[in-house]
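These are my notebook entries on a structure I looked up element by element. I kept them in the order in which I went through the chain.

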Amino acid sequence: MPTVHVFARDHINTDEIIPARHLTTDVEAELAKYAMEDYDKDFVKRVKAGDIIVAGADFGCGSSREHAVWALRGAGVAAVIAPNFARIYYRNSINNGFLALECDGIVEAFNDGDEADLDLKAGTISNKRTGQTLTFVPVPQFALDVQKAGGWLEYMRDHSQAEVEAESLEAESTEAGHGHPGKAVEG
């Protein structure tokens, strides 16, 4: 059962996720040592593989760096759940096969250290302490496929260009982490 680590503040930026002074590598295991260091210096001592971060709105704002995703994934974080994400962080998450889930009311539903049950198929997260269950914005199948492949590059390697174009162009859009309503593509 994953443990939840709550970072309730809105607008946690990529410099707080992985400070710029540690951007000397792209090796996840190295970056993981400094994940969330400027926000919570003890986070990496507590986090275990499969744990979940619950965060405030606009998580991952700031500079465009995949290192912010790599550091959390390298530390063992399975997903970040927030009301919404900075657009670039959301896309970097998809590209790297990392779960960034949008869920209203998530910060209020969990305390640091609570255990959670995350059900991607049902689109729910449950707090084991309180029994409260919340529904998150469904993860587009395309993003799940990229996650299953291990990231965008791995996904592209395993699919033809025509398959990728058909899947991404015909897929119904969602809010996509940036607050704009999606629109179905008409064919």
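**Entry 1: Thr124 and Thr133.** I looked up Thr124 and found its place in strand S6, which covers residues 124–127. I note at the outset that this is a predicted model. Is Thr124 buried or exposed? With a relative accessibility of 18%, Thr124 counts as buried, because the limit for that class is under 20%. Leaving aside neighbours within four places in sequence, I listed the contacts of Thr124 as Asp117, Leu118, Asp119, Thr133, Leu134, Thr135 and Phe136.

I then turned to Thr133, which is found in strand S7, residues 133–135. Its relative accessibility is 45%, so I entered Thr133 as partly exposed. With neighbours within four places in sequence again left aside, Thr133 is in contact with Thr124, Ile125 and Ser126. I also took the C-alpha to C-alpha separation of Thr133 and Leu118, which comes to 9.6 Å in space for two residues 15 apart in sequence.

**Entry 2: the four-stranded sheet.** In what order do the strands of the open sheet of 4 strands run? I read the order as S1-S2-S3-S4, with parallel pairing. Strand S1 (4–7) and strand S4 (99–102) are the edge strands, each of them pairing on one side only. From one strand to the next, the twist averages 20 degrees.

I went through the pairs one by one. S1 and S2 run parallel and are joined by 4 bridges, and in S2 the bridge partner of Val4 is Ile52. S2 and S3 also run parallel, joined by 3 bridges, and here Val54 has Ile81 in S3 as its bridge partner. Strand S3 (residues 79–82) pairs with S4 in the parallel sense over 4 bridges, with Ala100 in S4 as the bridge partner of Val80.

For S2 I checked both faces and found them covered, since Ile52 and Val54 on one side and Ile53 and Ala55 on the other are all buried. As a reminder to myself, side chains in a regular strand alternate between the two faces of the sheet. I recorded the connection as well: S2, H4 and S3 make a right-handed β-α-β unit.

**Entry 3: the nonpolar core.** Which residues have the most contacts inside the largest nonpolar core? That core has 49 residues, and the ones I wrote down for their contacts are Phe43, Phe59, Leu72, Val80, Tyr89, Ile106 and Phe110. The elements that give two or more residues to this core are S1, H2, S2, H4, S3, helix H5 (87–95), S4 and helix H6 (106–109). H4 gives the most, with 5 residues.

I followed Phe59 further. Leaving aside its neighbours within four places in sequence, Phe59 is in contact with Ile12, Ile17, Leu72, Val80, Ala82, Asn84, Phe85, Ala86 and Tyr89.

**Entry 4: salt bridges.** How many salt bridges does the structure hold? I counted 11 salt bridges, and I wrote out three of the pairs in turn.

Arg65 forms a salt bridge with Asp15, with the closest N and O atoms 2.7 Å apart. This pair links distant parts of the chain, as Arg65 is in the loop between strand S2 (52–55) and helix H4 (67–74), while Asp15 is in helix H1 (residues 14–17), 50 residues apart. Arg65 counts as buried at 11% relative accessibility, whereas Asp15 is partly exposed, with a relative accessible area of 35%.

Arg21 forms a salt bridge with Glu37, and the closest N and O atoms of this pair are 2.8 Å apart. Because Arg21 lies in the loop between H1 and helix H2 (28–32) and Glu37 in the loop between H2 and helix H3 (43–46), the pair ties together parts that are 16 residues apart in sequence. I found Arg21 exposed, with a relative accessible area of 51%, and Glu37 partly exposed at 24% relative accessibility.

Arg46 forms a salt bridge with Asp40, the closest N and O atoms lying 2.5 Å apart. Arg46 is partly exposed, with a relative accessible area of 32%, and Asp40 is buried, with a relative accessible area of 18%. Finally, I noted that salt bridges that share partners join Arg21, Glu37 and Asp38 into one network.

Key: Residues are numbered from 1 along each chain as its sequence is written. This is a predicted model: local features need pLDDT of at least 70, side-chain atom pairs count only at pLDDT 80 or more; totals for chains, interfaces and linings use all residues. Side-chain values use heavy atoms; hydrogens and water are left out. Two strands pair if DSSP finds at least two bridges between them. Axes are lines fitted to C-alpha atoms, for helices over the stretch in contact, and angles run from 0 to 180 degrees between N-to-C directions. A salt bridge is a side-chain nitrogen of Lys or Arg within 4 Å of a carboxyl oxygen of Asp or Glu. Buried means under 20% relative accessible area, exposed over 50%, partly exposed in between (1.4 Å probe, protein chains only). A crossover is right-handed if, with the strands pointing away from the viewer, the path from the first strand over the helix to the second runs clockwise. A nonpolar core is a set of buried Ala, Val, Leu, Ile, Met, Phe, Trp, Tyr and Cys residues joined through side-chain atoms within 4.5 Å. Contact means heavy atoms within 4.5 Å.
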